[in-house]
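Visitor: I've got a model to look at and some questions to go with it. Could you walk me through the fold and a few of the residues?

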Amino acid sequence: MFDSLSDGLQSAFKSLRGKGKLSEGNMREGLEIVQRSLLEADVSYPVVQEFMGHVTERALGKKVLLSLRPEQELVRIVHDELVSILGPVDPSIHLKKDGATIIMLCGLQGSGKTTTCGKLAQLLIEQKIKPTLVAADLQRPAAIEQLKVIGEQLGVPVYSEPDNKNPVQVCKNGVAKAEADGSRVVILDTAGRLAIDEELMAELERIDKKVGPDQVYLVVDGMTGQDAVNSADAFNKSLELDGVVMTKLDGDARGGALLSVKHVTGVPIKFIGTGEHFDALEPFRPEGMAGRILQMGDIVAAAAEAHRIVDEKEREELEAKMASGDFTLDDFKNMMEKVSKPGLMGRMMGLMPGMGQFKEALESEEAAGGIRQTIGAINAMTAEERRNPKIIDASRRTRIAKGAGVQTPVISQLVKQFDVMKPLMQGMAGGSMMDRAKMMQQLQGAMASGNGSLDGMRVKKGTGKRLSNAERAKLRKQRDKLKRQKRRNKR
């Protein structure tokens, strides 16, 4: 996401490093690179002009020019201005206290509107909110069937009237049925066109007037550049949009539309689509997006992704197992299965500060194959072997390898990796935030091989230093707490 823009901005910051003395001329050279990077990313020219005006005014101030680390000052200034131009945004979906909240999605054909209905439904399901989808796109023959398939995959109801050619009536009937069934949210999937025309706008205006949606979101394709901005402007003039959902930001989009929409139309971006799967829709946060563009990461989004993988109860159970030393190959396999969803690890690495360089390695077919191979090898073991890998001798390794369809050294390597992983997990469970950070740094280096394994992982052995009574008591207290959590979760 925004690789070319990020690289261009990093070049600007690097140009200021190592300068014996920073002058206005040096700073202007760096600012010219920033401006060129924005224009190459297809950011609207008026937006670039205003953005650079604010950045230049602050960057040429005495406080920055006389700073010991001027490139860091420039990073901070650019970050603040990116946040300003992207926000403010309220990404929450405000639900009515009584009755169903109606959300209408509109957009041109090919923007990902129908898929976004499913992604929005998935987001609501994660918040324990029951949605209903209404198939009101009567122009595209496959649209109704596509929405039904999405509904079946997500387990949410889809209302449709295949023989009814009146989209307004379909929407009204769909809303009435959803309210009768107790749905909190109704998502209307309206028709699109290949281009903006009077017929399309008239149909959407009729739905808007007769059905009265509480929120109207425009779905635009981020890869269409300034055409996405023009579409948002035209739709907003007819419908008074409440927000924009920008899709396909996981592709080779240059990012200009994202930076231009709010400034040109006044309509905030509410959500961004970062992949094909239903969980690849994020509430838009200007601070997080500015951090990603500047390669500073987005910890809040990373935490949200992690919560999707492991919920609070699972996390407590896992930490209790790790702290008590009960972490088994079954637990290891479950972790691998959760993180091996297509695109998930790549998204996670892209959100973590300093880990963007591992993104391609972890999204490679080699990495995916390595994870599948590990899961297959564990599945070929007996329950006792998974609980206690130390019993896996030469004959057992040969049997497991045949069952998993791999070479015997693969099993030996897996057992060796688990021996490394187990104390690592135990250290992360009982250690401080600093200990966890050090462990994560070791994991970064180990995973840089990109083969889905932990080759090169090392766990620092004890130095023989005696613990004080207070340190022993603290560790004992942590272990007892985690054990109590484990017992409580078993009840």
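**The sheet and its surroundings**

Guide: Sure. The model is a predicted one. It has an open sheet of eight strands with mixed pairing, in the order E3-E2-E4-E1-E5-E6-E7-E8.

Visitor: Which strands stand at the edges of that sheet?

Guide: Look for strands with a single partner strand, since one side of each is then left without a neighbour in the sheet. That description fits residues 158–159 and residues 281–283, which are strands E3 and E8.

Visitor: How many bridges join E2 to E4, and do they run parallel or antiparallel?

Guide: In general, strands of a sheet pair through backbone hydrogen bonds, in either a parallel or an antiparallel way. Here E2 covers residues 131–136 and E4 covers residues 185–190. As one example of the register, Thr 132 has Val 186 in E4 as its bridge partner. The two strands are joined by six bridges, and they run parallel.

Visitor: Helix H10 packs on the sheet, so what angle does its direction make with that of E5?

Guide: H10 spans residues 226–239 and touches strands E1 (101–106), E5 (215–221) and E6 (243–247). Its direction relative to that of E5 comes out at about 160 degrees.

**Residues in and around H2**

Visitor: Is Ser 37 buried or exposed?

Guide: Ser 37 lies in helix H2. Leaving out residues up to four places away in sequence, it touches Leu 5, Gly 8 and Leu 9. Its relative accessibility is 6%, and the cut-off for burial is under 20%, so Ser 37 counts as buried.

Visitor: And what does Ser 44 touch, beyond residues up to four places away in sequence?

Guide: Ser 44 lies in the loop between helix H2 (24–40) and helix H3 (45–59). With 12% relative accessibility, this serine counts as buried. The residues it touches are Gln 226, Ser 260 and Val 264.

**Backbone oddities**

Visitor: Which residues does the cis peptide bond join?

Guide: As background, most peptide bonds are trans. This one has omega at about -5 degrees, and its proline is in the loop between helix H5 (70–86) and E1. The bond joins Gly 87 and Pro 88.

Visitor: Lys 128 has a positive phi, so what is the value?

Guide: Most residues other than glycine have a negative phi. Lys 128 sits in the loop between helix H6 (113–126) and E2, and at 78% relative accessibility it counts as exposed. Its phi is about 65 degrees.

Visitor: How far apart are Arg 140 and Gly 192 in space?

Guide: Arg 140 is in the loop between E2 and helix H7 (143–154), and it is partly exposed at 26% relative accessible area. Its contacts, not counting residues up to four places away in sequence, are Thr 114 and Gln 146. In sequence, Arg 140 and Gly 192 are 52 residues apart; C-alpha to C-alpha, the separation is 8.1 Å.

**Confidence**

Visitor: Where is the pLDDT below 50?

Guide: The mean pLDDT of the protein is 78, and 71% of its residues reach 70 or more. One stretch falls below 50, though it has 37 contacts in the model beyond near neighbours in sequence. Where pLDDT is low, the predicted coordinates should not be read in detail. The stretch in question is residues 447–465.

Notes
Residues are numbered from 1 along each chain as its sequence is written. This is a predicted model: local features need pLDDT of at least 70, side-chain atom pairs count only at pLDDT 80 or more; totals for chains, interfaces and linings use all residues. Side-chain values use heavy atoms; hydrogens and water are left out. Two strands pair if DSSP finds at least two bridges between them. Helices (H or I, at least four residues) and strands (E, at least two) are DSSP runs, numbered from the N terminus. Contact means heavy atoms within 4.5 Å. Axes are lines fitted to C-alpha atoms, for helices over the stretch in contact, and angles run from 0 to 180 degrees between N-to-C directions. Buried means under 20% relative accessible area, exposed over 50%, partly exposed in between (1.4 Å probe, protein chains only). pLDDT is the predictor's confidence in each residue, from 0 to 100.
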